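Let's work through a few exercises together, with the structure open beside you. Try each task before reading its solution.

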There are 2 protein chains.
Amino acid sequence: MPEKYVVYHIPVCPFSQRLEILLALRDQQDAVEFRVVDITKPRDPALLVKTHGTTALPVLESPDGRIIKESLIILRYLDEVIPGQQLRRADPGEHAVESMMIARESQFTMAGYRYVMNQDQEKRDDHRKKMLGLYRDIDNFLVEHNPNGIYLFGDFGLAEAVFTPVFQRFWFLEYYEDFELPDESAYQRVRRWRQACMNHRATTQVTKEEIVKLYYDYALGAGNGALVKSRNVSSFVFEPRWQDRPWPPKDTYAGTASDATLGLTSLPVTPAEQ
Amino acid sequence: MPEKYVVYHIPVCPFSQRLEILLALRDQQDAVEFRVVDITKPRDPALLVKTHGTTALPVLESPDGRIIKESLIILRYLDEVIPGQQLRRADPGEHAVESMMIARESQFTMAGYRYVMNQDQEKRDDHRKKMLGLYRDIDNFLVEHNPNGIYLFGDFGLAEAVFTPVFQRFWFLEYYEDFELPDESAYQRVRRWRQACMNHRATTQVTKEEIVKLYYDYALGAGNGALVKSRNVSSFVFEPRWQDRPWPPKDTYAGTASDATLGLTSLPVTPAEQ
């Protein structure tokens, strides 16, 4: 049994970054120990017993041995038990509003991951339009509830902790799909929100360079650590470190670059062909 | 602006019954006024303005004019604002557990509705197996968290308010699909839970007869008030009252009975051919 809260997670996972953001906002980074799970290897049997056979991450284990699954449930749980002011709005009506925003996240996240993983050139525009529609919906919601503000309410709160890791993952859309929000009024409010979320001091767990390099295989259609055909190393490996690898080629519709070109082998690295 | 909470809803909708259950548990039925929305007619423009164009129900309007959508968010909101002891578990860990159970509801509900709406004889067994798998998963969860109890915790709580209306809708599976939980140990715990939920004094808003009669068109594959081919009246109409209609035929793979046979016209009613 752990002496403090333990979160089993995949590093750079947007769903566990939410928890790190909450801890950073409370200056309570030491309240939770994050233990890395290598998803390319069979799961530790001791952990499988604790999770009753499920393998989804993150999973939280409390000091008294309780197992809690699903990132939004863990986030709300930590919001209640970690010392400091709660992230959720205290007012029930305002909390309902932030919950309605959070309810939009799953579809938004899925649309972005499907977009980056798409391998069919002809479907790129459909994905782009779908994504833009979801951004407009979030824009409308922000305009409805806080037209002139920055965040959904006065401060960075629960909805921001939920969405920021997703906004940051979507750096992969910027890089691999040249996806940008159009400079139109329909996106002005959500652009302001997104910018403030990504620039907040509590959300510096990842960088654009890191996301772009690690998620290269996603842009080739291979998610969750799956290996791309003709390659021997996943772009998600911890060694070689992403800092020591070149930026990957942006064109992911032409097939994969080699492990060596991507800096994934110990061989001398050739610069990426852009 | 309303003087008390107003919920716009479709009567017999499982998602608004949750709210009625919460109010019944608190003896606060008068705290909310339920206003019926006829989904077979164009939506009231005044309500469309309030909901910013969305038509999903239920929708809550608070005395101060706040609009809250999505049944689970409304339920948690009312749980915080209605006088009396909250339905949610006070302990954060226990609350996380009930939230994990509630997270199972959407897939469960969808599986049951797809099952009853299925029109392909050959797929009946697949639907049955899918449904049984979801019941076993709920059984496992109850065994994990409260093996010897009745409810998920000591009392009828938030998870019970969420699931009971669904268990009651699934009377339509009993009637139209002869679906029963097998008398096996894998279903013992969930059977005990389901029974206690459906027998609770706060969950008497609907009866099996009412559900079976109103949802006849669902069993023909027509959901949300859509009209079945060759029929002129939906089984969901308020007049003639369901109490005055005969039980519908159980075999819904052979096509629809007539409006008259179903007691949906003012013509003399012939008994249903069973």
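The model is predicted, so please treat every value below as computed from it.

**Exercise 1. A ring that takes part in two pairs**

Task: Find out whether A:Y135 and A:F179 are buried or exposed, then classify the ring pairs that A:Y135 makes with A:F108 and with A:F179.

Solution.

Step 1. Start with burial: A:Y135 and A:F179 are both buried. The cut-off for this word is a relative accessible area under 20%.

Step 2. Recall what is needed to describe such a pair: the distance of the centres and the angle of the planes. Planes over 60 degrees apart count as edge-to-face, and planes under 30 degrees apart as stacked.

Step 3. Take A:F108 and A:Y135. Their centres are 5.0 Å apart and their planes make 85 degrees, an edge-to-face pair. A:F108 belongs to helix α5 (residues 105-117) of chain A and A:Y135 to helix α6 (residues 124-145), so this pair ties together parts 27 residues apart in sequence. Both A:F108 and A:Y135 are buried.

Step 4. Now take A:Y135 and A:F179. With 6.0 Å between the centres and 25 degrees between the planes, this pair is therefore stacked. A:F179 sits in the loop between α8 (171-177) and α9 (188-199) of chain A while A:Y135 is in helix α6, so the pair ties together parts that are 44 residues apart in sequence.

Step 5. Put this in context: over all chains, the count comes to 46 aromatic pairs.

**Exercise 2. A charge over a ring**

Task: Which ring does A:K250 lie over, and which ring lies under the charged end of B:K250?

Solution.

Step 1. In chain A, A:K250 lies over the face of A:Y175, 5.0 Å from the ring centre.

Step 2. In chain B, the charged end of B:K250 sits over the ring of B:Y175, at 5.1 Å from its centre.

**Exercise 3. Two cavities and their linings**

Task: How many cavities of 30 Å³ or more are there, and what lines the largest cavity and the second largest cavity?

Solution.

Step 1. The idea behind the search is that rolling a probe the size of a water molecule over the atoms shows where empty space is left. The count comes to 4 cavities of 30 Å³ or more.

Step 2. The largest cavity has a volume of about 170 Å³. Its lining has 14 residues, with A:R88, A:H95, B:R76, B:R88 and B:H95 nearest the centre. The elements giving two or more residues to this lining are α3 (71-81) of chain A and α3 (71-81) of chain B. By class, the lining of the largest cavity has 2 nonpolar, 4 polar and 8 charged residues.

Step 3. The second largest cavity holds about 50 Å³ of space. Its lining includes A:Y135 and A:F179 from Exercise 1, along with A:F167, A:F170 and A:W171. Both α8 and α9 of chain A supply at least two residues of this lining, and α8(A) gives the most, with 3 residues.

Step 4. Sort the lining of the second largest cavity by class: 7 residues are nonpolar, none is polar and 2 are charged.

**Exercise 4. Backbone exceptions**

Task: Where does a cis peptide bond occur in chain A, and where are A:H52 and A:D178 found?

Solution.

Step 1. Keep the usual case in mind: most residues other than glycine have a negative phi, and most peptide bonds are trans.

Step 2. In chain A, a cis peptide bond joins A:E239 and A:P240, with omega about -5 degrees. A:P240 lies in the segment after α11 (216-219) of chain A.

Step 3. In chain B, B:E239 and B:P240 are also joined by a cis peptide bond, with omega about -5 degrees.

Step 4. A:H52 is not a glycine, yet its phi is positive, about 55 degrees. A:H52 is found in the loop between α2 (45-50) and β3 (59-61) of chain A, and A:H52 is exposed, with a relative accessible area of 52%.

Step 5. A:D178 has a positive phi near 50 degrees. This residue lies in the loop between α8 and α9 of chain A and is exposed, with a relative accessible area of 53%.

Technical notes: Residues numbered from 1 in each chain as written. Chains lettered and ligands numbered in written order. Predicted model: local features only at pLDDT ≥ 70, side-chain atom pairs only at ≥ 80, totals over all residues. Heavy atoms only, no water. Phe/Tyr/Trp six-rings, centres within 6.5 Å; stacked < 30°, edge-to-face > 60°. Helix = DSSP H or I, 4+ residues; strand = E, 2+ residues; numbered from the N terminus. Buried < 20%, exposed > 50% of the residue type's maximum accessible area, 1.4 Å probe, protein only. Lys NZ or Arg CZ within 6 Å of the ring centre and 35° of its normal. 1 Å grid on protein atoms, 1.4 Å probe; cavity = no way out; pocket = protein on both sides within 12 Å on 5 of 7 lines; lining within 4 Å. Points joined across faces, edges and corners; volume = space filled by probe spheres on them. Nonpolar A, V, L, I, M, F, W, Y, C, P; charged D, E, K, R; others polar.
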